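Me: I am new to this structure and would be grateful for a close look at a single part of it. Please set that part in its wider context as well.

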Amino acid sequence: MTDCRSRLLVIPTVLLLASGCGSSGSTIENRQPDPEEEVADSGGVGEVAELPEPDIGPELPPVELPHEVAEETGGPACAPGEGCFLDSCDENAACQSGWCVDHMGAGVCTIACEEDCPPGWSCQQVGSGPDVTYVCIANHANLCRPCGSGDNCKSPGGAEDVCVDYGAEGSFCGGVCETDEDCPWGFSCVDGLTVDGIATRQCVADAGVCPCTKKSIELALWTPCARANEWGECTGQRICTQEGLSACDAAEPMPETCNGLDDDCDGQIDEPEQVEGEYVSLCFDGNPCTKDQCGGADGCSNAPMDQGECI
């Protein structure tokens with residue numbers, strides 16, 4: 001009976017999946033990680049820190065993750081690229097099983113099942129009506145996918161994960177776990193916070209930020225981000241591109257001035273500043289005999305008061 005082994009390669013910005021099987025026992029050679037390479041560190045989940053510029057993703061060295069596919073899983077014998085288990089896919093028709101599912105934020109071919117699946121996968125019902133069938137669904141279907149809420153961490157196969165706060169780097173889908181052994185290579189099971197502020201134990205990328213998969217790039221998925229300083233905090237986005245996650249496009253918070261803009265990102269435009277407990281017009285020129293008014297984009301006006309108005 002043919003022995004089938006599948007391997008998962010993780011590289012910066014794109015998650016590539018390939019599988020190979022056959023009686024020859026051939027394998028796919030992987031580049032070994034360079035000990036000189038350094039992995040970016042965001043400072044930990046949930047910390048608030050200023051986003052470095054620019055940052056397009058971590059350097060994640062590739063590694064083999066063998067998955068033994070037993071005969072009872074129903075995995076067909078096939079050559080790499082023919083729709084085998086874990087082959088990359090964009091649609092169901094690309095897979096011999098007829099099912100393309102999410103795995104770590106990318107589309108991969110799965111296999112039919114009755115009860116058992118390879119490690120890291122579970123047998124679940126898909127489809128509806130007369131087309132109901134059971135296939136192996138990844139336990140970490142959306143892991144490391146950019147997200148802004150838990151709704152972004154749901155997959156068509158029914159898998160649903162939480163959206164984990166990675167601090168200044170943004171937020172990415174997590175994966176439920178109890179120990180590090182429950183997480184794929186490159187991830188640790190840690191206590192963190194969801195974007196809703198709920199404490200949870202999740203698989204989190206050791207690099208402190210997630211790379212972009214092919215699917216995330218095609219869908220232009222994004223994660224919220226922010227810039228903060230003494231003047232306030234402005235929010236923006238980091239988008240998955242061919243070059244990886246874009247730098248945060250949030251504006252730099254500035255002191256409020258009369259220009260029709262929300263310079264300090266507090267939700268108010270051209271609001272008076274508070275001086276010694278009193279609110280003073282942004283256009284105050286120090287002359288008590290002028291009418292200081294802010295005209296938004298037109299700027300300040302300081303018209304002289306009538307003689308009777310000036311006290």
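How many helices and strands does the protein chain have? Once that is clear, please look closely at the sheet formed by S12, S13 and S14, and at what surrounds Asp 249.

Reply: The model is a predicted one. Its protein chain has one helix and 18 strands. Of the 311 residues in the chain, 39% are buried. The accessible surface comes to about 16,500 Å², and carbon and sulfur atoms account for 50% of that area. Among contacts between residues at least 6 apart in sequence, 50% link residues that are at least 24 apart.

The part in question is an open sheet of three strands, arranged in the order S12-S13-S14 with antiparallel pairing. Strand S12, residues 222-229, and strand S14 are the edge strands, each of them pairing on one side only. S12 and S13 run antiparallel and are joined by eight bridges. A hairpin of two residues connects S12 to S13. Within this pairing, Cys 225 stands opposite Gly 236 of S13. On the other side, strand S13, which covers residues 232-241, is joined to S14 by two bridges, and these strands also run antiparallel. Here Cys 240 has Leu 245, in S14, as its bridge partner.

Asp 249 belongs to the loop that runs between strand S14 (244-245) and strand S15 (273-275). If neighbours within four places in sequence are left aside, Asp 249 is in contact with Cys 225, Gly 236 and Gln 237. Two of these residues have already appeared, since Cys 225 and Gly 236 stand opposite each other in the sheet. Cys 225 is 24 residues away from Asp 249 in sequence, while the C-alpha atoms of the two are 8.1 Å apart in space. With Gln 237 there is also a polar contact: the side chain of Asp 249 reaches the backbone nitrogen of Gln 237 at 2.6 Å. The loop residue Asp 249 is thus in contact with Cys 225 and Gly 236, which face each other across S12 and S13.

Another aspartate offers a parallel case. Asp 87 is located in the loop between strand S3 (67-69) and strand S4 (100-103). Asp 87 counts as buried because its relative accessibility is 4%, and the cut-off for a buried residue is under 20%. A polar atom of the Asp 87 side chain lies 2.9 Å from the backbone nitrogen of Gly 81. The side chain of Asp 87 also reaches the backbone nitrogen of Glu 82, at 3.3 Å.

For the wider context, the nonpolar cores should be considered. In soluble globular proteins, nonpolar side chains tend to be buried together. The largest nonpolar core has 19 residues, and Tyr 166 and Phe 187 touch the most other members. Strand S10 (187-193) and strand S11 (199-205) are the elements that give two or more residues to this core. S11 gives the most, with three residues. Phe 187, leaving out residues up to four places away in sequence, touches Met 104, Leu 143, Cys 144, Cys 203, Val 204, Ala 205 and Asp 206. There is also a second, separate core of 13 residues, including Leu 86, Val 101, Ile 111 and Ile 137.

Technical notes
Residues numbered from 1 in each chain as written. Predicted model: local features only at pLDDT ≥ 70, side-chain atom pairs only at ≥ 80, totals over all residues. Heavy atoms only, no water. Helix = DSSP H or I, 4+ residues; strand = E, 2+ residues; numbered from the N terminus. Contact = heavy atoms within 4.5 Å. Polar contact = N/O pair within 3.5 Å; in protein donor to acceptor, adjacent residues only side chain to side chain. Buried < 20%, exposed > 50% of the residue type's maximum accessible area, 1.4 Å probe, protein only. Pairing = 2+ DSSP bridges. Areas by Shrake-Rupley, 256 points an atom, 1.4 Å probe, with all protein chains shown as cover. Core = buried A, V, L, I, M, F, W, Y, C linked by side-chain atoms within 4.5 Å.
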